[in-house]
Amino acid sequence: MTELELLCKNAHEARIAIGNLDSELKNTVLTDAAEALVAHSQEILDANAIDVAAGVENHMPEGLVDRLKLTSERILAMADGIREVVALDDPIGEVLSMKKRPNGIIIGKRRVPLGVVGMIYEARPNVTADAFALCFKTGNCVILKGGKDAIHSNMAIVKALKSALAKNGVSEYALNMIEATDRETTTQFMKMKDYVDVLIPRGGAGLIRSVVENSTIPVIETGTGNCHIYVDEHADFDMAIDIIKNAKTQRIGVCNACESIVVHEKIAQEFLPLLYYALEPHHVEFRGDACAVEYLGAQHELVKEATEEDWGKEYLDYILSVKIVSSLDEAIAHINKYNTSHSEAIITKDYDVAQKFLEQIDSACVYVNASTRFSDGNEFGFGAEIGISTQKLHARGPMGLEALTSYKYIIYGNGQVRK
C-alpha cells in the first residue's frame, strides 16, 4: 500500500467516529484551532515568507502572489472565520422530514456527513483553515492537496490546526494533508474513490478541468470567475463607478472580482470616460469593442481593442473587457454566452429591468446594485466557504455547512412486512 493510499484509508476509517462527534466537542476543537492559528502566527508567517519569495522569484503574477501572501491580519481573519463557523448551528442530525405511510411505517430524512472530502487547490493557504473548519463542523474527514507554491504555508497551518485535535483527544485523521507536490501524486489522489466520497477542486481553469476530466471520485466543480457588471441605461453613474471600482480593484486575484463590463449604448459615451478616469490611478487596462475604444479614448495607453478571447477571460489582473450593447436582451445574451456561472451584476434604477436580469441570467449569484465581491461564504453568513460551486447538482454558489452534507432515510416500523 502506498503512502497516499494509507493516508486516504486512515481518513476513510476515521469517518464514522468523526461523523458521530457531538456538537459541543466539535465546537471546542474549532475554538482551540482558531486560538492555535493566532498562537502560531509567527511560524505560519515565516513559512509563508518562503513561499512568497519563491513565487516572486518564479515570476508569479501579482494577483496570485496576493492570494498566496499571509499577513497577521489575514491570519486573524482566518481565525475569526473558524469562530464564525463555531457560532453556526450544526446541521448534522437535522431531521428534514418525517412522514407516516398508510401501513404505519414512519419514514424520515436526516442530514448526515458526506464522509471523506478531498480538496485539491492552488496557492491559497486560507483555504486550508476554511476547509478544515467546515468539514469538521459537518463531521467530515478532509484530505487536503494544496499546490507546491503554498506547501510551507499549508504545512504550518495544518500543524497548528492538528494541535487542537490532539488537545481534545480527537483522531488526527480528521485532518489530512498530502505533502507530496508532484503531479503524479495529484493524479493518483483523483483515483482514490474507494476512500474519498467527494472531490472539490479550487483554483484556475486548468486545475478544475483536469480534476473534472480525470477524477473517478464524484466532483463538485468550483468555477473560475469571469464576472460581469452590466451598467444599464437607467444606472446611477456614481453608484456604478463605486461598485466597479470595488469589484475590480479591491483584490484582483480572487474569483469574485469583476473582469468584464457591459454598458448600454445610450449612456456609454458619457459613462465610459468617467469610469476610465476613476480607475486610472489603479492602472486598469481596458479592452473594448470599437465603440468602447472610441469612447474610452483610443489615444490612452491603457485602452486596447478586445479580441474574441477577451470576452470569456478571467484576467486576475488590472484588466477589464468592455462591451457596448443596444438593449437589455443583448446584455443578457452576451453575459450568458461568456460567463462562467459565477457572479453577475446589474446597475439600474429600473425595477422591471432588474427583475428580468435576475430571472434570465444563468449564474450561481446574480446581483442588483451591489459588488460581485460579496460572493463569499463569510459575506453570505456561512462563516467561511469551501468553494463557490458553478454547477447545478447538489450545491451551487458559496458552499457552506449544508453543502458538505448528504442525507439518509430513517425508517421506523413495528413489525410490518411487504405483501
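**Entry 1: the loop before β9**

I began with His 283 and asked whether this residue is buried or exposed. In this predicted model, His 283 has a relative accessible area of 58% and is therefore exposed, since anything over 50% is counted that way. I placed His 283 in the loop that runs between α11 and β9. I also looked up the backbone there and noted that His 283 has a positive phi of about 55 degrees, although the residue is not a glycine.

**Entry 2: a second positive phi**

I then turned to Leu 316, another residue that is not a glycine and yet has a positive phi, here of about 50 degrees. Leu 316 belongs to the loop between α13 (308-311) and β11 (319-325). Its relative accessibility is 16%, so I entered Leu 316 as buried, the limit for that class being under 20%.

**Entry 3: aromatic rings around Tyr 276**

How many aromatic pairs does the structure hold? I found seven of them, and I followed up those that involve Tyr 276. For Tyr 276 and Tyr 277 I read ring centres 5.2 Å apart and ring planes at 85 degrees, so I wrote this pair down as edge-to-face. For Tyr 276 and Phe 286 the centres lie 5.7 Å apart and the planes stand at 40 degrees, so that pair is tilted. Tyr 276 sits in helix α11 (residues 265-279) and Phe 286 in strand β9 (residues 285-288), so this pair ties together parts that are 10 residues apart in sequence.

I checked the accessibility of both partners as well. Tyr 276 counts as buried at 3% relative accessibility, and Phe 286 counts as buried at 0%. I closed the entry by recording that Tyr 276, Tyr 277 and Phe 286 form one aromatic cluster.

**Entry 4: α5 against α6**

Next I looked at how helix α5 (residues 72-87) packs on helix α6 (residues 126-137), and I read an angle of about 10 degrees with the axes 10 Å apart. That angle makes α5 roughly parallel to α6, and the crossing of the two helices is right-handed. From α5 the contact is made by Met 78, Ile 82, Val 85 and Val 86, while α6 contributes Asn 126, Ala 129, Ala 133, Leu 134 and Lys 137. Sorting the residues of this contact by class, I have seven nonpolar, one polar and one charged.

**Entry 5: α2 against α6**

I then took α2 with α6, where the packing angle is about 170 degrees and the axes are 10 Å apart. The two helices are therefore roughly antiparallel to each other, and α2 passes α6 in a right-handed crossing. Which residues meet here? On α2 they are Lys 26, Asn 27, Val 29, Leu 30, Ala 33 and Leu 37, and on α6 they are Ala 129, Phe 132, Ala 133, Phe 136 and Lys 137. By class, I noted eight nonpolar, one polar and two charged residues in the contact of α2 with α6.

**Entry 6: Val 127 in α6**

Staying with α6, I looked up Val 127, which lies in that helix. Val 127 has a relative accessible area of 1% and is buried. Leaving aside residues up to four places away in sequence, I found that Val 127 touches Met 119, Tyr 121 and Arg 202. I also read the C-alpha distance from Val 127 to Leu 144, which is 9.4 Å for two residues that are 17 apart in sequence.

**Entry 7: two loop positions**

I looked at Gly 147 in the loop between β4 (141-145) and α7 (151-167). At 18% relative accessibility, Gly 147 counts as buried, because the limit is under 20%. With residues up to four places away in sequence not counted, Gly 147 touches Tyr 121, Glu 122 and Asn 154. Its C-alpha lies 31 Å from that of Leu 25, and the two residues are 122 apart in sequence.

The last position was Asn 20, in the loop between α1 (3-19) and α2 (23-39). Asn 20 has a relative accessible area of 62%, and I recorded this residue as exposed. From Asn 20 to Met 192 I read 23 Å, C-alpha to C-alpha, across 172 residues of sequence.

Methods:
Residues numbered from 1 in each chain as written. Predicted model: local features only at pLDDT ≥ 70, side-chain atom pairs only at ≥ 80, totals over all residues. Heavy atoms only, no water. Axes fitted to C-alpha atoms, helices over the stretch in contact; angles between N-to-C directions. Helix = DSSP H or I, 4+ residues; strand = E, 2+ residues; numbered from the N terminus. Parallel < 35°, antiparallel > 145°, perpendicular 65-115°, else oblique. Left-handed = near helix turned anticlockwise from the far one by under 90°. Contact = heavy atoms within 4.5 Å. Nonpolar A, V, L, I, M, F, W, Y, C, P; charged D, E, K, R; others polar. Phe/Tyr/Trp six-rings, centres within 6.5 Å; stacked < 30°, edge-to-face > 60°. Buried < 20%, exposed > 50% of the residue type's maximum accessible area, 1.4 Å probe, protein only.
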